Amino acid sequence: MLDDDTTTNRRIAPHLRNAAPLIEVRDVDFWYAEKQALQDITFDIFPGEILAFIGPSGCGKSTMLKCLNRMHDEVRGARMEGEIRMGGKDIFAHDVDPPMHRRRFGWVAQKPNPFPMSVYDNVAYGARIHGLARDRAELDGIVETCLRRAELWDEVKDGLHCISGYDLSGGQQQRLCIARALSTDPEVLLMDEPTGSIDPIATARVEELMDQLRHDHAIVVVTHSMMEARRVADRVAFFHMGRIVEIGPTDEIFLRPRTDLCRRFIEGKMG
């Protein structure tokens with residue numbers, strides 16, 4: 001269980017020390033039917049930060065990610081105890097509409113998953129279903145802005161309506177998925193191993209994008225790459241067997257881990 005110091009704002013990146021948390025997670029336990037996947041999870045997420053979740057496979061990282069945007073709501077037998085607050089409000093309050101809550105988050109999966117439609121329609125999808133554009137010109141603007149932010153516009157602008165998302169390379173598809181995630185103007189990007197299925201060059205571009213997008217979004221990323229976590233994250237949370245063992249600024253976690261368990265994982269001696 002986390003000690004008192006790790007649950008305060010004192011162990012965050014220096015440029016975040018005066019910021020109020022965007023999301024507060026407190027004492028979260030989570031079960032899939034009888035199997036407990038998370039226990040006593042407590043941490044904050046701050047605007048403009050990249051928080052990386054690291055740890056062995058099956059330790060609860062992706063489960064925690066999905067708790068944030070209530071993706072478990074329709075999972076039979078799933079239940080959560082504890083509290084998650086966003087902007088100071090309980091995300092499970094009776095007056096919180098789950099689809100509207102999820103709109104505050106963009107999701108990027110490990111394997112690029114473009115829709116079987118044109119590049120334009122992939123990016124326009126979220127804005128359409130949420131009624132974010134009043135007319136075609138406004139929708140065009142959203143699509144272009146999101147593709148530019150994902151650094152894909154110049155590669156697809158001449159074939160927006162005739163190039164399928166399936167026609168793009170793996171790295172391009174992942175940037176298309178990032179553009180799609182941005183189309184609802186989310187406050188937080190949730191990225192579940194976003195570079196796990198793409199090549200090193202494409203990985204570098206996605207990491208560069210993360211650094212750019214942090215200025216307008218908090219980002220929570222699950223990664224199995226210690227090098228990636230160290231390159232991109234402000235803070236790192238080390239999960240093990242459904243608990244957060246350590247959380248703190250990236251350099252502290254990698255250079256001065258406070259637990260033997262975290263040190264051994266970072267050194268590749270357990271996983």
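Start by selecting α7: this helix lies across β3, β7 and β8, and its direction is at about 150° to that of β8. Keep in mind as you click around that you're looking at a predicted model.

Now add α6, residues 170–182, next to α7, residues 200–213. When you look at two packed helices, the things to describe are the angle between their axes and the distance between the axes. Here the axes come within 9 Å and cross at roughly 20°. That angle is under 35 degrees, so α6 and α7 count as roughly parallel to each other. As for handedness, α6 passes α7 in a right-handed crossing.

Show side chains where the two helices touch. On the α6 side, pick Gly-171, Gln-174, Arg-175, Ile-178 and Leu-182; across from them, in α7, pick Ala-202, Arg-205, Val-206, Leu-209 and Leu-213. Colour this contact by class and you'll get six nonpolar, two polar and two charged residues.

Next, hide the helices and bring up the sheet. It's an open one with six strands, ordered β6-β7-β8-β3-β9-β10, and the pairing is mixed. Which strands stand at the edges? Those are β6 (105–108) and β10 (243–249); each has a single partner strand, so one side of each is left without a neighbour in the sheet. Look along the sheet for the twist, which averages 15° from one strand to the next. Then switch α6 back on: this helix packs on the sheet too, touching β6 and β7 (188–192), and its direction makes about 165° with that of β6.

Zoom in on β3, residues 50–54, and its partner β8, residues 218–222. The two pair in the parallel sense over four bridges. Two pairs to label: Ile-50 has Ile-219 in β8 as its bridge partner, and Phe-53 has Val-222. Now turn to the β9 side, residues 235–240, where β3 again pairs in the parallel sense over four bridges. Phe-53 shows up here as well, standing opposite Ala-237 in β9.

While β3 is selected, colour by accessibility. Is this strand mostly covered or mostly open? Mostly covered: five of its five residues are buried. In a regular strand, side chains alternate between the two faces of the sheet. For β3, Ile-50, Ala-52 and Ile-54 are on one side, with Leu-51 and Phe-53 on the other, and both faces are covered.

Go back to α6 and add α3. These two helices pack at an angle of about 30°, with their axes 7 Å apart. To see the contact, select Val-119, Asn-122 and Val-123 of α3 together with Leu-176, Ala-179 and Arg-180 of α6. By class, this set has four nonpolar residues, one polar and one charged.

Last stop: Lys-111. Look for this residue in the loop between β6 and α3 (119–129). Is Lys-111 buried or exposed? Its relative accessible area is 64%, and the cut-off for exposed is over 50%, so Lys-111 is exposed. Finish with a distance label from Lys-111 to Ala-137: they are 26 residues apart in sequence and 31 Å apart in space, C-alpha to C-alpha.

Note on methods: Residues numbered from 1 in each chain as written. Predicted model: local features only at pLDDT ≥ 70, side-chain atom pairs only at ≥ 80, totals over all residues. Heavy atoms only, no water. Axes fitted to C-alpha atoms, helices over the stretch in contact; angles between N-to-C directions. Parallel < 35°, antiparallel > 145°, perpendicular 65-115°, else oblique. Left-handed = near helix turned anticlockwise from the far one by under 90°. Contact = heavy atoms within 4.5 Å. Nonpolar A, V, L, I, M, F, W, Y, C, P; charged D, E, K, R; others polar. Pairing = 2+ DSSP bridges. Buried < 20%, exposed > 50% of the residue type's maximum accessible area, 1.4 Å probe, protein only.
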